[in-house]
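Work through the following exercises with the sequence and the three-dimensional view open side by side. Each task is followed by a solution that proceeds in steps.

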Amino acid sequence: MVRVSGPQAGKVVTALVGKMQSPRTATRALLRDVGQRPIDDVVVLWFPGPASATGEDVAEFHVHGGRAVLAALFAALGEFEDVRPAEPGEFTRRAFENGKLDLTEAEGLDDLVHADTDRQRRQALRQLRGLLGDKARDWRSRIIEASALIEAGIDFSDEGDVPAELIAPALERIKALQAEIQEVLAAEGRSERLRDGLVVAIAGPPNVGKSTLMNQLARREVAIVSPHAGTTRDVIEVQLDLDGYPVTVIDTAGIRETDDPVEQEGVRRARARAADADLVLWLADSSEAALQHDAAAPVWMVRNKIDLEKPGRPLAQSGGQLGFEISASQGDGVPDLIAALVGFAQAYFGGSEGGLIGRTRQRKLLQETVASLGRSIEVVGKGEELAAEELRTAAHSLGRLLGRVDVEDILDVIFREFCVGK
């Protein structure tokens, strides 16, 4: 499907099809270039603005997907003055600028395009449906109403008890609104991290089966397995879908003292990635159980190669650390480990199917809103003007969340991540 948006869209349809089409009606037509040479037998749709996806005049050509067809159509479009290829995300940006989407919905569309797992898809769809944007608009409206009451009290400050009658209900509204937003923030857990996924590092001494476990989790051979210590020299990553949760598993070089400068660099990188991970699986065999890591994240002890001793089963380790006994080569105990990883991911991301927050930017602005509401309550006794200013700050934060005020600095960053044609 080739889409054209903007003031030249109608001219393009008339020239390529021979006549203007009925709005919002699929019509079969023969496309011809400016020299009247046939291009393709297609379906044409015409959406006059503002009732279109971008708010502008939009034409869609549903063509056969061969490269020669597309090349001929693009060449024909290139003959028109003021018609050019779209930049990445330009259609969505025009929809945003014309009021068809708020910024949370545009972010949701981007997340939906790039969703790899079902849970990512569902969260992105909630964003695209505007659930957070609808709440933010309601919150902003209620803040403005409370602010109007306080400012009316300022205007009628010489009328005796009028200010108290206005400020008391305003404070009630502010407190209720603050509690509502705080409830959303508390219920979300780390839902915005669902976009990037959970990072799990497999660390441990050399030759204990880290790469074998990596291949077991990925269900394919992504890492070289060798009986020789030090085979893995660099960090290997694989993206997994664990019950809909996106998980990046990292296979690191064996951590040990070595004189090999290449292996030393691998050990350094292994320690750095383990330190940045959300969860560390410390793998050891029956002969090597020493724990050596610098990670602030939770660490699970995983004892490998127990097929030489006994069947795999989860066990509690000393010090309160969760531990497992597995055979990475035979698969014993691996299902228990995977089930535990799914449980960890669910707890980490919050496990809520109704999550509204999809990005760190959104969480930060909601936290700023709550902070401003709290300050407005604290300072109202020192002067209604101070409380009114804090409420204006809170409303401004929600305006930035929706993309309606002071967001020019982030628009290019957001929309350049979109694919071309979206």
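**Exercise 1: a helix and its surroundings**

In helix α3, the residues E90, F91, T92, R93, A95 and F96 are buried. Keeping in mind that the model is a predicted one, decide whether α3 is largely enclosed by the rest of the structure or largely open.

Solution. Begin with the extent of the helix, which runs over residues 90-97 and so has eight residues, six of them buried. A residue counts as buried when its relative accessible area is under 20%, and because six of the eight residues of α3 are buried, the helix is largely enclosed by the rest of the structure. Then follow the chain onward: just after α3 comes G99, which takes a positive phi of about 80 degrees. For the wider setting, buried residues make up 47% of the 422 residues in the protein, which has 13 helices and 11 strands.

**Exercise 2: two helices in contact**

Determine how α4 and α5 are oriented relative to each other, and which residues make the contact.

Solution. First take the geometry: helix α4 (residues 103-113) and helix α5 (residues 118-128) pack at an angle of about 155 degrees, and their axes are 7 Å apart. Because angles over 145 degrees count as roughly antiparallel, α4 is roughly antiparallel to α5. The crossing in which α4 passes α5 is left-handed. Next list the participants, which on the α4 side are T104, E105, G108, L109, D111 and L112, and on the α5 side are R121, A124, L125, Q127 and L128. Finally sort the residues of this contact by character, which gives five nonpolar, three polar and three charged. A general point helps in reading such a list: an α-helix has 3.6 residues a turn, so residues three or four places apart point the same way.

**Exercise 3: backbone features in loops**

Inspect the backbone at Q36 and D243, and state what the sign of phi is at Q36 and at D243; then examine the peptide bond from G49 to P50.

Solution. Start with Q36, in the loop between β2 (27-32) and β3, where phi is near 65 degrees, a positive value in a residue other than glycine. With a relative accessible area of 47%, Q36 is partly exposed. Move on to D243, in the loop between β6 (236-242) and β7 (245-251), which has a positive phi of about 55 degrees although it is not a glycine. D243 counts as partly exposed, at 49% relative accessibility. Lastly, the peptide bond from G49 to P50 is cis, with omega near 5 degrees, and P50 is placed in the loop between β3 (38-47) and β4 (58-62).

**Exercise 4: separation in sequence and in space**

For E385 and P335, compare the distance along the chain to E151 and to Q216, respectively, with the distance in space.

Solution. Locate E385 in helix α12 (residues 384-402), where it is partly exposed with a relative accessible area of 49%. E385 and E151 are 234 residues apart along the chain, while their C-alpha atoms are separated by 7.5 Å. Then locate P335 in helix α10 (residues 334-349); because its relative accessible area is 56%, P335 is exposed. P335 and Q216 are 119 residues apart in sequence, and 9.9 Å apart in space from C-alpha to C-alpha. To set these pairs in context, among contacts in the protein between residues at least 6 apart in sequence, 60% join residues at least 24 apart.

Notes:
Residues are numbered from 1 along each chain as its sequence is written. This is a predicted model: local features need pLDDT of at least 70, side-chain atom pairs count only at pLDDT 80 or more; totals for chains, interfaces and linings use all residues. Side-chain values use heavy atoms; hydrogens and water are left out. Helices (H or I, at least four residues) and strands (E, at least two) are DSSP runs, numbered from the N terminus. Buried means under 20% relative accessible area, exposed over 50%, partly exposed in between (1.4 Å probe, protein chains only). Contact means heavy atoms within 4.5 Å. Axes are lines fitted to C-alpha atoms, for helices over the stretch in contact, and angles run from 0 to 180 degrees between N-to-C directions. Angles under 35 degrees count as roughly parallel, over 145 as roughly antiparallel, 65 to 115 as roughly perpendicular and the rest as oblique. A crossing is left-handed if the near helix is turned anticlockwise from the far one by less than a right angle, and right-handed if clockwise. Ala, Val, Leu, Ile, Met, Phe, Trp, Tyr, Cys and Pro count as nonpolar, Asp, Glu, Lys and Arg as charged, and the others, Gly among them, as polar.
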